[in-house]
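Work through the exercises below with the sequence and coordinates at hand. Each task is followed by a solution in steps.

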Amino acid sequence: MNIAVVGLSHQTAPVEIREKLSIPSAQVADAIAHLGNSPTIEEVSILSTCNRLEIHIVANEIETGVRDVMRFLCEHSGIELEDLRPHLFVLLQQDAVMHLMRVAAGLDSLVLGEGQILSQVKHALSLAQQHKGIGRILGRLLKDSIKAGKRVRTETNLGTGAVSISSAAAELALMKVESFENCHIAILGAGKMARLLVQHLISKRANKITLLNRTVKRANDLAAQFGDVDIQTGTLDSMLEAVVAADVVFTCTSSVEPILHRENLEPACDGSQILVFDIAVPRNVHSNIAEIDTVFAFNVDDLKAVVAQNQESRRQMALEAEALLDEEVDGFMDWLRSLDTVPTISSLRSKVETIREQELEKAMSRLGSEFSEKHRGVVEALTRGIVNKILHDPMTQLRSQRDMEARDRAMETLQILFNLETAARNGVASTRR
């Protein structure tokens, strides 16, 4: 079977492109259904974060499958293929497997080793299961990738002290204002990124925070997690008043359209300087906000300078993580290759089981009615045990064979020696296409 990843990330596309490709959780069901209608795509999952959009597929014809994904991305984003193609990457088979494991481990993140991506991969798996997008292969790959990400975090120091997008935004803001003490900070949004942001701001001695959200309950719940700090809360209905009153503003809502732009902010401005840090994708802040003289806006792409300071000291840890991922990739690829042997093994077991049942019935008929059911059960268990022990070694060797040519020769030999069903041969051929 053919595995492919088609997508883009902070490494290949600016935020202006990434936000057009973003697929919110509420739209994932429709996207999976659309892609699932392709006659070549058998499984599909979608990973959409602020720094990447990836579509993972299992296809029976890989070139057509990849084209179908690209066509969907063009339709979804409204971007012509010739304009989108330079920003896309396409990875196949083992390269796709390694990529997904590196993503889950935080090795492909803007912030090396950041932990939030692992929960995002878990969320992608959950959505794909919920909307029936994945089957045996992608289900196993996503679960193995999550396992690999956990191994990296527990068996290396890569996750220790790793900065997140939220902490990098806090660091960048601190470079601009020098101190958060008595600095009025407004945060728009109350999700996971906002929680991390509040945590980092408080650790840097921020003591005047206003937290606004679409629903005030969620803002209150988040503020309650930091009971030692007086955090003012409210709804986004008072957004403009809070932004104008603040020295520093962070935006991280799930809105798919900008909530701050020149048209609504400029009339409310009183001439005071405002620093706005937009860490949402799609962006919460329109680019035209920069046309207001007293407003200075930054987005996730502006965090790269902050992140670079953290990267160099973590590269050795990343090398340790790569070695662990090599093991996990080998394990998955061995399992994937073993699927080719399933039709032959099933056919062999079926044939031997048929022979066992036929010979057992002959023996039972010769023994006559005086042979009790208890004795019959003992004999049946005996014959099953013999069959299992005889088949165990050849089946294990066949599944674990890494040499593809040797494995194919072994399957062909089994088919000839045991006169297995032609269906087994057809099954092997189909799984290799």
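Buried means under 20% relative accessible area, exposed means over 50%, and partly exposed lies in between. The model used here is predicted.

**Exercise 1. State which residues of helix H5 are buried, and check the span of the helix.**

Step 1. Helix H5 covers residues 93-105. Applying the cut-off of under 20%, the buried residues in H5 are Ala96, Val97, Met98, His99, Leu100, Met101, Val103, Ala104 and Ala105.

Step 2. The expected span is 1.5 Å times one less than the number of residues. For the 13 residues of H5 this gives 18 Å, and the end C-alpha atoms lie 19 Å apart, which agrees.

Step 3. Gly106 follows directly after H5 and has a positive phi of about 85°.

**Exercise 2. Classify Gln93 and Asn182 by exposure, and give the phi of each.**

Step 1. Gln93 belongs to helix H5. Its phi is positive, about 45°, although Gln93 is not a glycine. The relative accessibility of Gln93 is 28%, so it counts as partly exposed.

Step 2. Asn182 sits in the loop between H8 and E5. Asn182 is also a residue other than glycine, with a positive phi near 60°. Its relative accessibility is 59%, so Asn182 counts as exposed.

**Exercise 3. Give the strand order of the six-stranded sheet, and explain which strands stand at its edges.**

Step 1. The sheet is open, its pairing is parallel, and the order reads E7-E6-E5-E8-E9-E10.

Step 2. Strands E7 (231-235) and E10 (295-299) each have a single partner strand; they therefore stand at the edges, and one side of each has no neighbour in the sheet.

Step 3. From one strand to the next, the twist averages 20°.

Step 4. Within this order, E5 (residues 185-188) and E8 (residues 248-251) run parallel and are joined by four bridges. One residue pair to locate is Ile187 with its bridge partner in E8, Phe250.

**Exercise 4. Find which strands helices H8 and H10 meet, and at what angles they run.**

Step 1. Helix H8 (residues 165-177) lies across E8, strand E9 (274-278) and E10. The angle between H8 and E9 is about 165°.

Step 2. Helix H10 (residues 216-224) packs on the sheet and touches strand E6 (209-213) and E7. The direction of H10 makes about 165° with that of E7.

**Exercise 5. Locate the cis peptide bond and state its omega.**

Step 1. The bond joins Val281 and Pro282, with omega about 0°.

Step 2. Pro282 is placed in the loop between E9 and E10.

**Exercise 6. Decide whether the protein is as compact as a globule or more spread out.**

Step 1. The inventory is 18 helices and ten strands.

Step 2. For 433 residues the globule rule gives 22 Å; the radius of gyration is 29 Å, well over that value, so the protein is more spread out than a compact globule.

Step 3. The C-alpha trace spans about 100 × 50 × 40 Å along its principal axes.

Step 4. Of the 433 residues, 50% count as buried. The accessible surface comes to about 20,900 Å², and carbon and sulfur atoms hold 50% of it.

Step 5. Among contacts with a separation of 6 or more, 74% are between residues 24 or more positions apart.

Note on methods
Residues numbered from 1 in each chain as written. Predicted model: local features only at pLDDT ≥ 70, side-chain atom pairs only at ≥ 80, totals over all residues. Heavy atoms only, no water. Pairing = 2+ DSSP bridges. Helix = DSSP H or I, 4+ residues; strand = E, 2+ residues; numbered from the N terminus. Axes fitted to C-alpha atoms, helices over the stretch in contact; angles between N-to-C directions. Contact = heavy atoms within 4.5 Å. Rg over C-alpha atoms; globule rule 2.2 N^0.38 Å. Buried < 20%, exposed > 50% of the residue type's maximum accessible area, 1.4 Å probe, protein only. Areas by Shrake-Rupley, 256 points an atom, 1.4 Å probe, with all protein chains shown as cover.
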